[in-house]
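Here are some short exercises to work through with the model in front of you. Try each task on your own before you read its solution.

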Amino acid sequence: SGSGKSMLVNCLSDKVNAVGGYVIKHKFDVLCLCPLSGVISAFNQVCLMIKVEDRPMVTKKLRAEFGVDFNLLLRLLPNVSVLFPELVSPALRVEAGEAMNARSVCFMLLRFV
């Protein structure tokens, strides 16, 4: 606490944005029961940023990468639906008890990057 991490992010964000990168700010919640929730939240934020900036090349690459696995990506990152509303159907909705294991989550996020 108080070591200047947030200030460092703020200082670098303009430079990262200038080269077409994304800066995500997120506070870690020690009381959260899901250890990957911060990472998943960050990727969900990136989906919204991609939509706002209208980056067709990025969405094209995502579609090519995930193809038939799109429903897995949607289960992990609900905000992906804003990038591909035409691919979202009621059949892809996540049931309340469904969960992905940590290995699946990491694999999907690595593909997203």
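**Exercise 1. Find the nonpolar patch on the surface and place Leu 31 in the chain.**

Step 1. Look for Phe 28, Val 30 and Leu 31, which make up a nonpolar surface patch. To qualify for a patch, residues need over 30% relative accessible area and no salt bridge; nonpolar side chains (Val, Leu, Ile, Met, Phe, Trp, Tyr) are joined within 5 Å, and like charges within 9 Å.

Step 2. Check the area: together the three have about 430 Å² accessible. Such areas come from the Shrake-Rupley method with a 1.4 Å probe, and for residues only the protein chains shown count as cover.

Step 3. Now place Leu 31: it sits in the loop between α1 (5-18) and α2 (37-53). Its relative accessible area is 72%, so Leu 31 is exposed. The scale is easy to remember: buried is under 20% relative accessible area, exposed is over 50%, and partly exposed is in between (1.4 Å probe, protein chains only).

A word on the model before you go on: it is predicted, so local features need pLDDT of at least 70 and side-chain atom pairs count only at pLDDT 80 or more, while totals for chains, interfaces and linings use all residues. Residues are numbered from 1 along each chain as its sequence is written, and side-chain values use heavy atoms, with hydrogens and water left out.

**Exercise 2. Describe the chain as a whole: which elements does it have, and what share of its residues is buried?**

Step 1. Count the elements: you get five helices and zero strands. Both are DSSP runs, numbered from the N terminus (helices are H or I, at least four residues; strands are E, at least two). Read from the N terminus, the order is α-α-α-α-α.

Step 2. Turn to burial: 25% of the chain's 113 residues count as buried. The chain's accessible surface is about 8100 Å², and 63% of that belongs to carbon and sulfur atoms.

Step 3. Finish with contacts (heavy atoms within 4.5 Å). Among those with a separation of 6 or more, 61% are between residues 24 or more positions apart.

**Exercise 3. Work out which residues face inward and which face outward on α3.**

Step 1. Pick out the buried residues of α3: Thr 59, Leu 62 and Phe 66.

Step 2. Look down the helix axis. The buried residues of α3 fall within an arc of 60°, so they line one face of the helix. That arc is taken from the directions from the helix axis to the C-beta atoms.

Step 3. Flip to the face turned away from the buried side, where you'll find the exposed Pro 56, Met 57, Lys 60, Lys 61 and Ala 64.

Step 4. Walk off the end of the helix: Gly 67 follows α3, and its phi is positive, near 40°.

**Exercise 4. Track down the salt bridges: how many are there, and which residues form a network?**

Step 1. Apply the rule: a side-chain nitrogen of Lys or Arg has to be within 4 Å of a carboxyl oxygen of Asp or Glu. That gives four salt bridges.

Step 2. Take one of them, Glu 86 with Arg 63, at 2.2 Å from N to O. Glu 86 is in the loop between α4 (70-76) and α5 (102-112) and Arg 63 is in helix α3 (residues 56-66), so this pair ties together parts 23 residues apart in sequence. Glu 86 is exposed at 52%, and Arg 63 is partly exposed at 40%.

Step 3. Move to Glu 65 and Arg 111, whose closest N and O atoms are 2.8 Å apart. This pair links helix α3 with helix α5, across 46 residues.

Step 4. Arg 111 also forms a salt bridge with Asp 69 (3.0 Å, N to O). Asp 69 lies in the loop between α3 and α4, so this pair ties helix α5 to a part 42 residues apart in sequence.

Step 5. Put it together: Glu 65, Asp 69 and Arg 111 form a network of salt bridges. Arg 111 is buried at 18%, whereas Glu 65 is partly exposed at 38% and Asp 69 is partly exposed at 25%.

**Exercise 5. Find the aromatic pair and classify it.**

Step 1. Search for rings of Phe, Tyr and Trp (its six-membered ring) with centres within 6.5 Å; planes under 30 degrees apart are stacked, over 60 edge-to-face, and the rest tilted. The whole structure holds one such pair.

Step 2. The ring centres of Phe 70 and Phe 84 are 5.7 Å apart and the planes are at 85°, so the pair is edge-to-face.

Step 3. Phe 70 belongs to helix α4 and Phe 84 to the loop between α4 and α5, 14 residues apart. Both Phe 70 and Phe 84 are buried.
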